[in-house]
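Work through the exercises below with the model open beside you. Try each task on your own before you read its solution.

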Amino acid sequence: MADSARSTLPLPDYDQLPVGSLESRVRSLSGDEVERLLSYERSHADRPAVPRLLGAGLDQVHAGAEPTSGDPNALRPEAGQGGSPVSPATSPEPHGPPPHGTPDQPAQPKANRT
């Protein structure tokens, strides 16, 4: 049942979207679509910030706000291409602690040069 509910959601990959991305994507949805997301969220993950965000979007729609022309299927920068751009070839050379020391390696007094 959860799979069929997930497949009918108005936002693709809804479960993987971070809260920050939901805010802009909700603006492109109708009131009915926001209500479906809200119902799904409450019965599944129920992340504290998401019902508040969806409720605010629903309030805006009920107050007369028109959905934006945004495309819920648009490119999602939060879904990275995977992997780290850092490799041994691009990593900096290891270095010692700074001269003022670190919490686990306090600085040593300089030797007197007279």
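**Exercise 1: Two helices side by side**

The axes of H2 and H4 cross at roughly 15 degrees and come within 10 Å of each other; decide how the two helices are oriented, and find which residues join them.

*Solution.* This is a predicted model, in which local features need pLDDT of at least 70 and side-chain atom pairs count only at pLDDT 80 or more, while totals for chains, interfaces and linings use all residues. Residues are numbered from 1 along each chain as its sequence is written, and side-chain values use heavy atoms, with hydrogens and water left out.

Step 1. Begin with what the angle refers to: axes are lines fitted to C-alpha atoms, for helices over the stretch in contact, and angles run from 0 to 180 degrees between N-to-C directions. Angles under 35 degrees count as roughly parallel, over 145 as roughly antiparallel, 65 to 115 as roughly perpendicular and the rest as oblique, and therefore H2 and H4 are roughly parallel to each other.

Step 2. The crossing of H2 and H4 is right-handed (the near helix is turned clockwise from the far one by less than a right angle; anticlockwise would be left-handed).

Step 3. For the joining residues, look for contacts (heavy atoms within 4.5 Å): Val19, Leu22, Glu23 and Val26 on the H2 side meet Ala49, Val50, Leu53, Leu54 and Gly57 on the H4 side. Sorted by type, the residues of this contact of H2 with H4 are seven nonpolar, one polar and one charged (Ala, Val, Leu, Ile, Met, Phe, Trp, Tyr, Cys and Pro count as nonpolar, Asp, Glu, Lys and Arg as charged, and the others, Gly among them, as polar).

**Exercise 2: A second pair of helices**

Determine how H3 is oriented relative to H4, and list the residues through which they meet.

*Solution.* Step 1. H3 and helix H4, which covers residues 49-62, pack with their axes 9 Å apart and at an angle of about 160 degrees. Because of that angle, H3 is roughly antiparallel to H4.

Step 2. The crossing of H3 and H4 is left-handed.

Step 3. From H3, the residues Gly31, Val34, Glu35, Leu37, Leu38, Glu41 and Arg42 meet Val50, Pro51, Leu54, Leu58, Val61 and His62 from H4. The residues of this contact of H3 with H4 divide into eight nonpolar, two polar and three charged.

**Exercise 3: Val26 and Val34**

Are Val26 and Val34 buried or exposed, and which residues do they touch?

*Solution.* Step 1. Val26 lies in helix H2, and Val34 is found in helix H3, which spans residues 31-43. (Helices, H or I and at least four residues, and strands, E and at least two, are DSSP runs numbered from the N terminus.)

Step 2. Buried means under 20% relative accessible area, exposed over 50% and partly exposed in between, with a 1.4 Å probe and protein chains only. Val26 has 6% relative accessibility, so it counts as buried, and Val34, with a relative accessible area of 1%, is buried too.

Step 3. Leaving aside neighbours within four places in sequence, Val26 is in contact with Val34, Leu53, Leu54 and Gly57, while Val34, with residues up to four places away not counted, touches Val26, Leu29, Leu54 and Leu58.

Step 4. Val26 and Leu53 are 27 residues apart along the chain, yet their C-alpha atoms are separated by 8.7 Å. Val34 and Leu9 are 25 residues apart in sequence, with 9.4 Å between their C-alpha atoms.

**Exercise 4: Glu41 and the loop that follows H3**

Which backbone atom does the side chain of Glu41 reach, and where is Asp46 placed?

*Solution.* Step 1. Glu41 is found in helix H3, and, since its relative accessible area is 1%, Glu41 is buried.

Step 2. The side chain of Glu41 reaches the backbone nitrogen of Arg47 at 2.8 Å, a polar contact (a pair of N or O atoms within 3.5 Å; within protein, one must be able to donate a hydrogen and the other to accept it, and residues adjacent in sequence count only if both atoms are side-chain atoms).

Step 3. Outside its neighbours within four places in sequence, Glu41 is in contact with several residues, including Tyr14, Asp46 and Arg47.

Step 4. Asp46 has its place in the loop between H3 and H4, and at 41% relative accessibility Asp46 counts as partly exposed. Its phi is near 50 degrees, a positive value in a residue other than glycine.
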